[in-house]
Amino acid sequence: MLSEDKIKKMIRLSEYELGIGREDLRYVKYSKTDFIWLQILKTVAADILAAILFFVLLVCYQLEYVLQNALTLPLREVMVNYALCFLAICLISVIVTWKRAVRLYKEAEIRAREYAITLDELMSIYEKEENAQEDVES
């Protein structure tokens, strides 16, 4: 039997599942700490890849200078400065990622909890209808 309340809940659930709920349900399948660590791990991997690519591009851009002064370049000093800059950028990006991941997870958790409550309400409506139908049949 169709009821207006049941249809509204079904529409709200389907809109959530097809919209932002797709991401939310992916987020909340992890625990909060696992989700945050996964985001941080992805950020660090991207930072490492970006640092390597930047270094290669920098060397390619300055290749003539590097080849002319290969024996006289202070490589240790250059590498230490590059590593310090990389660590500073990586630290900043990890902090930003951590704050963003915490916010994303909290927001997704709130919406997923509301989704679960609406789903429970819909299930209770179905159970009431089944009980009413069984009472009518007996």
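This report covers confidence, salt bridges and pockets in one protein chain.

**Confidence**

The model is predicted. Its mean pLDDT over the chain is 88. A score of at least 70 is reached by 98% of the residues. The elements of the chain vary. Helix α3 (residues 32–61) has the highest mean pLDDT, 95. Helix α1 (residues 4–18) has the lowest, 79. Where pLDDT is low, predicted coordinates should not be read in detail.

**Salt bridges**

Side chains of opposite charge can pair when their charged atoms come close. In this model the count comes to four salt bridges. The table lists some of them.

| Pair | Closest N to O distance |
|---|---|
| Glu23 and Arg26 | 3.2 Å |
| Arg111 and Asp24 | 2.6 Å |
| Arg113 and Glu109 | 4.0 Å |

Start with Glu23 and Arg26. Both residues belong to helix α2 (residues 21–27). They sit three residues apart, about one turn of the helix. Glu23 has a relative accessible area of 31%, so Glu23 is partly exposed. Arg26 has a value of 46%, so Arg26 is partly exposed too.

Next comes the bridge between Arg111 and Asp24, at 2.6 Å from N to O. Which parts of the chain does this pair link? It links distant parts: Arg111 lies in helix α5 (residues 75–137), while Asp24 lies in helix α2. The two residues are 87 residues apart along the chain. Is Asp24 buried or exposed? Asp24 has a relative accessibility of 1%, so Asp24 counts as buried. The cut-off for buried is under 20%. Arg111 has a relative accessibility of 26%, so Arg111 counts as partly exposed.

Then there is Arg113 with Glu109. The closest N and O atoms of this salt bridge are 4.0 Å apart. Both residues lie in helix α5. Four residues separate their positions, about one turn of the helix. Arg113 is partly exposed, because its relative accessible area is 48%. Glu109 is partly exposed as well, because its relative accessible area is 31%.

**Pockets**

Rolling a probe the size of a water molecule over the atoms shows where empty space is left.

How much space lies in the largest pocket? The volume is about 260 Å³. Its lining includes Phe55, Leu58, Val59 and Gln62. Tyr65, Val66 and Leu73 also line the largest pocket, as do Leu75, Val78 and Tyr82. Helices α3, α4 (63–68) and α5 each give two or more residues to this lining. By class, the lining of the largest pocket has nine nonpolar residues and one polar residue. It has no charged residues.

The second largest pocket holds about 150 Å³ of space. Asp47, Ala50, Ala51 and Phe54 are among the residues that line it. Others in the lining are Tyr82, Cys85, Phe86, Ile89 and Cys90. Here α3 and α5 are the elements that give two or more residues. Which element gives the largest share of this lining? Helix α5 does, with five residues. By class, eight residues of the second lining are nonpolar, none is polar and one is charged.

Tyr82 is listed in the lining of the largest pocket and in that of the second largest pocket.

Key: Residues numbered from 1 in each chain as written. Predicted model: local features only at pLDDT ≥ 70, side-chain atom pairs only at ≥ 80, totals over all residues. Heavy atoms only, no water. Salt bridge = Lys/Arg side-chain N within 4 Å of Asp/Glu carboxyl O. Buried < 20%, exposed > 50% of the residue type's maximum accessible area, 1.4 Å probe, protein only. pLDDT = per-residue confidence, 0-100. 1 Å grid on protein atoms, 1.4 Å probe; cavity = no way out; pocket = protein on both sides within 12 Å on 5 of 7 lines; lining within 4 Å. Points joined across faces, edges and corners; volume = space filled by probe spheres on them. Nonpolar A, V, L, I, M, F, W, Y, C, P; charged D, E, K, R; others polar.
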